[in-house]
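Open your viewer and get ready to select pieces one at a time. At each stop you will find what to pick and what to look for.

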Amino acid sequence: MTDSPEQVIRNVLADLPRHRGVVVDSPPGAGKSTLVVRAAAHIAATGEPLMIVAQTNEQVDDLVARICDKHPHLTVGRLSAGGYVPPLRMLELPGVRVGTRIQDLGDPDIVIATADKWAWIGERVWPWAIVDEAYQMRSDKLLRIAGLFERALFVGDPGQLDPFSIVDGDRWSGLSWDPLQSAVSVLLRHNPGLPVHRLPVSWRLPASAAPVVSQAFYPFTGFRSGTGPGDRWLELTAGGMGTVHDRALEEAARSGWALLELPNRHTVRTDGEAVQAVALLAQRLLQRGAVAGSEQGERPVTADRIAVGAAHRDQVAAIRAAGLPPEITVDTANRLQGREYDVTIVLHPLSGRRDATAFHLESGRLCVLASRHRHACVVVARAGIAELLDAHPSAEPVQLGVPVKFPDGWEANQAVLEHLSRHRV
Amino acid sequence: MTGLMREGDPVRRLEVLRGTTPPRPHDARAIAALAANPGCARRALMDGAGIDKDAAARHLGFPAPFGQSPFAITRGNAFEALVKADGCAELLRMLRELLGLPIAEVAYHDVENVGAHLRHAHTRALIDRAARDGGEGAPSPEAGAEATAPPATETAGPGEAVSTAGTLYDHPLLSLRIAGHTAYLEPDVVAFQLGGRFRIVEIKSFAVIDGQADPSSVAAAARQAAVYVLALRTMLEELGHDPLMVSHDVVLVCPENFANRPVATLVDVRKQLAVLRRQLDRMTTLDRLLDGLPDELTFDLRPDEDGRPTRPVAELSDALRRTTARYAPDCLSTCDLCFFCRDEARQEGASDLLGRQVRDELGGVASVAEALGLADGTRDPAEGQEEIARLLRNAERLRRECLT
Amino acid sequence: MSLLTSLARLRALDEGIAQPVATVRHCHLAERPMVFIPLKLSGEAAAPLAAMLGTDRGDPRLLVVPQPRNRDLRFAWAAELAGVLLPYVEGFLGDTETVERRNADPYERTVDAPQIIVPNQGGMAFVRLLGRSTRFRRTDGPYPVPESVPLLGRWLTYFAERAAYPGSSLMLAATDELGRHWASGQSSLEDANLAALLSWITTGPSDDAEDPLVWPPAGPATDPGFDAEVLAPAIEGGSPERVAEALRTQLEPTWRLMWQAIDLLAGLPEGASVAQRWEQDRGSFSGMAAHVAEGTPPQARRDGAVAAAAKLARMERAQAAYDVQRAYDDPLVMAEYRLTGEAFAGEVIETVPDNVEGEGRSRKLRPLVVIKTDDPVRLAPGTSLGTPQRRTQGAELVSADDGLVTVKITKGMGRGRTAAPGAVPEVGERVCYTSLTDDFQGSPSLPESEATPWTHGGPPQEYTPDDEDAQEEWS
């Protein structure tokens, strides 16, 4: 039996003073931000200054808001680059100061910035740091900022997309400090004794999704959903017309998943039919007045609670051009990392492809797309993906001294596809 | 398999496909290559039937472009001899260092010394005894770990400190079931056993330089080693032992830097094992491919008494064309029949010639003429081709604008 | 590769001749390049067998190891190679210019630099390995080598390292450069064969190109058939002349192909940014020469944590700049971005040169330009744009509808109340705008190697080449 989430958090906090670094693996929606906020308050309570590192400005702003909301007595310095325009809501928060230099911030309890911004800061050492989204951070970024702190808590999701580079980094493969590896991989290879905790419960994913995502993408560690089978529901208040799109939404409302399968055809990436299907699904979802019920109560699924995900930027552009309400988020897997919605509509990365490439098979890509939802996920794909996986030549090069990464993209795709096939319309 | 009961059951059908040509034994390299292009029906059928693709290609006038230099062969043999000299003394030194084991002594069994027909039985008996003697009380290297533990390099466990005598089995003869046949694997491998744990040792003569080796060579070695791991696991299972007594970390022995001195590296072959299992499973579903073929179809080379093929080339070529190939330029480094299929693709004007990526980009357009017709606007897009036609026309417009 | 290149390949296949994918040359081509065709012994990592090299197409030097398993002969070969390459490299050191720098002392940069051209990626890899296997050798002790051998190793290592920087021209692979400028009617895998690729570009495809008896492989691997039937007997025969003649037959055809490749590339006009990248190459070369002169130790076996991160940052920077510069230099490369909607070109149909934004002191000149385009524009309003027609100018997309795009110029139109003459395009002018801009901000500093943090293993042990390095067997 695994520890309760509360116990894990206590273990993490207890480990902080005992180790130079503590790592917490957090599957999708397992309360990573909650942990960061709680650990921040815990450290601030000791009176020692703390720096927080996140990867994007949105993540930084989000954390600032959460900290101020939970712990209004804490003072927070938001360090930013020159061109950054803080959102209005941030300027209204008491206890928050925004500035481009450390000197501008006064002497707050917590200073928070992106890794890129921290890399320009020097000549001061913080006793504590929290590094958020540490698996999406490249180790060369960590190298630039690790001199700023004495001890650190690293938090992130190991199942999402790995960091990448536009240049070939094979020359460094096998080195324990390979700059293209994630910050956590490099940290743990040099400090194998550091404790690694795992948050065991996803509060985001419903009971219909947690086992699927857990088995496909976290086969060795696993997690469960915080809610039971009947705790989340999705109702379509307006009646349907029996179209395939309506039936897909009904299946998704009923079971949490739906696969809208289009006829098997090899297409261009911006497959017009698939793009249209995605757009129609989103429109119908709004038209049918979806209402989501959960432990947080009942609320309508408004456009801002819906996301559409795809693998490529040109697909995203094509879907946006198909005339969706602007409040619906349409983005690539890379940019949907760390986000949460009630319902997601996903254009399957392998839909219409003739050959699967390493890009399409990367398990993190599908993991992100299949784990953003609180209620339901509708996948649009052309038939034939099973055959495509079957015909995939498996001859990936092997680098000596590089630990094998699991799950295998092929296996993960296969597992998700098999599950989806039970919800096909 | 339900097909077994039907007329034209798969095993018999595969024999008809092969005809009077003697089957080509499946060695580990050939089995590992099954995954090179699983979408190719032609290759799947030929491999399933045990047909010598190299001989067929030569007979067709499209000999495979794979040759090995005598220098490379000499070098490989010399290196292997060096590693195995004095009862594998070098190998033992490396295993000690690599596994961090206090191996006091090691027994060396060369199974090759047994007559060829007995070798498989002898291997079986040796492995059985080792598993029984060493296996008692010693946990298997990753008992259940494949399913539950995060990937990690193994370290010496409690069982290993106790047992200090290991055994090296050279040239063990292992087998695997492939498409209904038992394939005996060429015994060019060493199995190491200590305390009831087995490890496959693969000796290769490509260099490891400053810790790095050619990734495609390592991948090929890992695929082959996985074949042996699976065969050894299968043998143990048949003998009633825990198959996971065979480690998924194989020992790769290569020359280090620019010298002849060997260096051993652990290579985790779990992914290659998964791929191999998938491909072997697929080989049992060949009946689907066979169903579509004419009953009398055969790839027989009709060898004469001296083994020279006598079948008219045009006839063999026609027979092969009755099956669908999935040519890709990658075949040029993995399949004996590559030049034959490339020639076929050229005759058909197939865009496959330009590579998988180009083929994929063209959406559903398979032929060169069709794609160019759409680009020039001389051809109307068929249903479903409107988008690629628009893209191609746009690309053509841009190229013309920039080049005139 | 993009659909534009795929289309060029389809066209090449259909017409039986390669098609251009560039209108200008994107690499620097030296006046006196050093063509270097190495061959290695099959089955070995980097055991040299022979090389043909030189700067004069009429006078190639052939260097042969008559008995490739003899290590003394291999080192003698390396010394011979050094005897050709080092004078070539050092010949560029005499003529320098002084370069002033902001926040740093001025430095001396050579006015020209060496350029090595090998046939293919395999040749590049061989140069790297040959450098690795020679740079640590000692001139004293148990296995002494001539002084020039470790120096050669350091230079070869440098050239191989520098070749990893996108856009660098200090060492080029002929097949790579040809492939960047022409699309053949075969796969990119087959383009690695120099003879095959050249035949597509010049006369059309030929099966001879794959026949090792007609066109021996361009190295570094030799043809296995040649090894078995010609080379092995020649070596066993013990006659150095026979071995040399056998290897000459394998190298001479490639030698001719290499110069043909150089002529083809020389026939293209040089891209506008090539000189700027070559200037960086010259700076880098001068830096390396200074290191050598100062007597710093040879390059380490592998990069440490800080060195790796620094190199990665420089390589990424070089890649980004190279991509942008090629597009700005070459309309056919820019067309790839137009096809994907990241750039558009067309005719100016309307301008508002005196458009202003803001009031009073914050009143700013923001000339508007309306362009009619046939390109599919996939850029959001507010996107920053650049234009090859006015490289110092900055612009912003205002709107894009129905083939009409409105752009507002935000930077580089002069400081006056009205735009500088020529800053705003005239009605009727053809212009191109793209979101692809080279606005590099500089990268933050890294710790000193001695201050490598605990997350990356702490300060590394100082690297000093030891006897083991120097004595490493060369079997």
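Which order do the 8 strands of the open sheet in chain A follow? Select chain A, show it as a cartoon, and trace the strands: the order is 4-3-5-2-6-7-1-8, and the pairing is parallel. Please keep in mind throughout that this is a predicted model.

**Stop 1: the sheet of chain A**

Start at the borders of the sheet. Select residues 96–99 for strand 4 and residues 196–198 for strand 8 of chain A; these are the edge strands, and each of them pairs on one side only. Going from one strand to the next, the twist averages 20 degrees.

Now add residues 21–25, which make up strand 1 of chain A. Strand 1 and strand 8 of chain A pair in the parallel sense, with 3 bridges. To see one of the bridges, pick A:Val23 and look across to strand 8 of chain A, where its partner is A:Val196. As background, strands of a sheet pair through backbone hydrogen bonds, either parallel or antiparallel.

What packs on this sheet? Select residues 57–70, and you have helix 3 of chain A, which does so. Helix 3 of chain A touches strand 2 (50–54), strand 3 (76–79), strand 4 and strand 5 (110–114) of chain A. Compare directions here: helix 3 makes about 155 degrees with strand 5 of chain A.

**Stop 2: the two domains of chain A**

Next, color residues 5–199 of chain A in one color and residues 209–422 in another. According to the domain assignment, these are domain 1 and domain 2 of chain A. Their C-alpha centres lie 29 Å apart. Where they touch, 15 residues of domain 1 of chain A are in contact with 20 residues of domain 2 of chain A. The side that domain 1 of chain A brings to this contact has 4 nonpolar, 7 polar and 4 charged residues.

**Stop 3: from chain A to chain B**

Show chain B beside chain A. Here 35 residues of chain B are in contact with 30 residues of chain A. On the side of chain B, select helix 9 (215–238), strand 8 (262–268), helix 10 (270–283), helix 14 (356–361) and helix 16 (386–403): these are the elements that give two or more residues. Which of the elements of chain B gives the most? That is helix 9 of chain B, with 5 residues. By class, the side of chain B that touches chain A has 17 nonpolar, 10 polar and 8 charged residues.

**Stop 4: a hairpin in chain B**

Zoom in on residues 175–178 and 181–184 of chain B, which are strand 3 and strand 4. These two strands pair in the antiparallel sense over 4 bridges. One bridge joins B:Arg177 to B:Thr182 in strand 4 of chain B. Together, strand 3 and strand 4 of chain B form a hairpin with 2 residues between them. Click on B:Ala179 in the turn: this residue has a positive phi of about 45 degrees.

**Stop 5: chain C and its partner**

Bring up chain C, which has 12 helices and 17 strands. Its C-alpha trace spans about 90 × 60 × 45 Å along the principal axes. Of its 475 residues, 45% count as buried.

Chain C is divided into domain 1 (3–303) and domain 2 (331–434), and the C-alpha centres of these two domains of chain C are 44 Å apart. The contact takes 5 residues from domain 1 of chain C and 6 residues from domain 2 of chain C.

Show chain B again: the contact takes 45 residues from chain C and 41 residues from chain B. Helix 1 of chain C gives the most to the side of chain C that touches chain B, with 10 residues. That side of chain C has 22 nonpolar, 10 polar and 13 charged residues.

For the last view, select residues 368–376 of chain B, which form helix 15, along with helix 1 of chain C. Their axes come within 10 Å and cross at roughly 120 degrees, in a left-handed crossing. Show the side chains of B:Val368, B:Ala371, B:Leu372 and B:Ala375, which meet C:Leu7, C:Leu10, C:Arg11, C:Leu13 and C:Asp14. The residues of this helix contact divide into 7 nonpolar, no polar and 2 charged.

How values were computed
Residues numbered from 1 in each chain as written. Chains lettered and ligands numbered in written order. Predicted model: local features only at pLDDT ≥ 70, side-chain atom pairs only at ≥ 80, totals over all residues. Contact = placed C-beta atoms within 7 Å. Nonpolar A, V, L, I, M, F, W, Y, C, P; charged D, E, K, R; others polar. Domains from an automatic or database assignment. Pairing = 2+ DSSP bridges. Axes fitted to C-alpha atoms, helices over the stretch in contact; angles between N-to-C directions. Buried ≥ 20, exposed ≤ 12 C-beta atoms within 10 Å, placed from the backbone. Left-handed = near helix turned anticlockwise from the far one by under 90°.
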